Every structure is written in structure tokens, then in C-alpha cells.
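The exercises below concern helix packing, charge pairing and model confidence. Please work through each task with the structure open before reading its solution.

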Amino acid sequence: MGARDPAEAVEVMDLLLKFFGDGERWVKGRLTDRRGNRCLLGALDFVSSHHGMKGDGAERYLADEISAAGDCNNAGGDCARFRASLRRALSGGRYRVSETVLRDTLSDFNDGCKDFAELRALILQARASAMHDADAMPVTRRRLDIETEEFVMG
């Protein structure tokens, strides 16, 4: 998985929110059902491929929010150590997180949600984090390569 692109991650999460609506297209326990409803991972795969975007950045922002706020259902020390290593990996530490670990984290969170409001809150928190990072990035201005003798019509 490559580096995060916060602007693209925001777009993907906007598409996720639009796809899910008020939760009527959300499912637990499987990627998709026969009616086109999807879990978080299934929806990520669907919206990113349908719109020709990469969902990697969105996955990382979502997993980062899970690791920062998750309680692992009182699983104890093993879960705390896992969350700590996940946070190190996501923050660019010496550990590398595999795509499988990220996707498992998202899948576990999806299936552990008591209702869609919990999933929506996660997406909104991750989106806010990506927007913050996008705002912090310097904007590069493209110079127009127009010669002084060229006439430009608008």
C-alpha cells in the first residue's frame, strides 16, 4: 500500500457515505448480498473501482481511527499491543502494516458495529482527519506556459 492521498481519501469516503445512505445498503458478516448491499470493505472496493480511484488512503484513515478509538471489546493486553503496533505502522514507524491486517481491522469493526450510526461516525471521523491532512498540504500552483506573443481567448 502506498502513501496516503488525503484528498482522494476524502472523495472515497464521500462516495462511501453516499453509497450507504442512511444505512439501507449496509450489511454485516459478508462483503455483499444478492441485492447489492455491502459491508464497509465491499463498499470501499465497489466505490473505488466504480469511480477509478484508489481506496488505499481511505482504508488507512479508517483503520487509523479504529486503532485510536477502539476498545477491542475488553480483550485485554493482546489487543492493546496489537493496537499499539497498528498505530506505529500507520504513523510511518519502522513497522509495516500489510493490506490484510488493515482489511481485517475494517472487517472486524464493521461486523462489531451495533448499528449503522456507529459505522457512519467512524467514516466521518476518518474523513475529518483526511480533510485536516489535505488542508495542511501545500498547494502547488501550475504556471501557464504562455509566451508573451500568444493571444489567449477565454
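**Exercise 1.** In this predicted model, determine which residues of helix 1 meet which residues of helix 2, and then describe how the two helices cross.

Solution. Begin with the residues: on the side of helix 1 the contact holds Val12, Leu15, Leu16, Phe19 and Phe20, and these meet Leu40, Ala43, Leu44, Phe46 and Val47 of helix 2. Next, sort these residues by class, which gives 10 nonpolar residues, no polar ones and no charged ones. Finally, turn to the geometry, where the axes of helix 1 and helix 2 come within 10 Å and cross at roughly 115°, and where the crossing is right-handed.

**Exercise 2.** Find the angle at which the axes of helix 2 and helix 3 cross, and decide whether helix 2 is roughly parallel or antiparallel to helix 3.

Solution. The axes of helix 2 (residues 40-50) and helix 3 (residues 56-69) come within 10 Å, with a crossing angle of roughly 155°. Because angles over 145 degrees count as roughly antiparallel, helix 2 is roughly antiparallel to helix 3. The residues that make this contact are Leu40, Leu44 and Asp45 on helix 2, together with Ala58, Glu59 and Leu62 on helix 3. Classified, the residues of this contact comprise four nonpolar, no polar and two charged. The handedness completes the description, the crossing of helix 2 and helix 3 being right-handed.

**Exercise 3.** Establish how helix 3 is oriented relative to helix 6, and list the residues through which the two are in contact.

Solution. The axes of helix 3 and helix 6 (residues 116-136) come within 9 Å and cross at roughly 115°, and the two helices are therefore roughly perpendicular to each other. Helix 3 contributes Tyr61, Leu62, Glu65 and Ile66, while helix 6 contributes Leu122, Ile123, Gln125, Ala126, Ser129, Ala130 and Asp133. By class, this contact has seven nonpolar, two polar and two charged residues.

**Exercise 4.** Which residue forms a salt bridge with Asp22, and which parts of the chain does the pair tie together?

Solution. Searching the whole structure yields five salt bridges. In one of them Asp22 is paired with Arg120, with 3.7 Å between the closest N and O atoms. Asp22 lies in the loop between helix 1 and helix 2, whereas Arg120 belongs to helix 6, so the pair ties together parts that are 98 residues apart in sequence.

**Exercise 5.** Which element of the protein chain has the lowest mean pLDDT, and which the highest?

Solution. Start from the chain, which averages a pLDDT of 80, with 67% of the residues scoring at least 70. Among its elements, helix 4 (residues 77-90) has the lowest mean, 58, and helix 1 (residues 6-20) the highest, 96.

Key. Residues are numbered from 1 along each chain as its sequence is written. This is a predicted model: local features need pLDDT of at least 70, side-chain atom pairs count only at pLDDT 80 or more; totals for chains, interfaces and linings use all residues. Side-chain values use heavy atoms; hydrogens and water are left out. Axes are lines fitted to C-alpha atoms, for helices over the stretch in contact, and angles run from 0 to 180 degrees between N-to-C directions. Helices (H or I, at least four residues) and strands (E, at least two) are DSSP runs, numbered from the N terminus. Angles under 35 degrees count as roughly parallel, over 145 as roughly antiparallel, 65 to 115 as roughly perpendicular and the rest as oblique. A crossing is left-handed if the near helix is turned anticlockwise from the far one by less than a right angle, and right-handed if clockwise. Contact means heavy atoms within 4.5 Å. Ala, Val, Leu, Ile, Met, Phe, Trp, Tyr, Cys and Pro count as nonpolar, Asp, Glu, Lys and Arg as charged, and the others, Gly among them, as polar. pLDDT is the predictor's confidence in each residue, from 0 to 100. A salt bridge is a side-chain nitrogen of Lys or Arg within 4 Å of a carboxyl oxygen of Asp or Glu.
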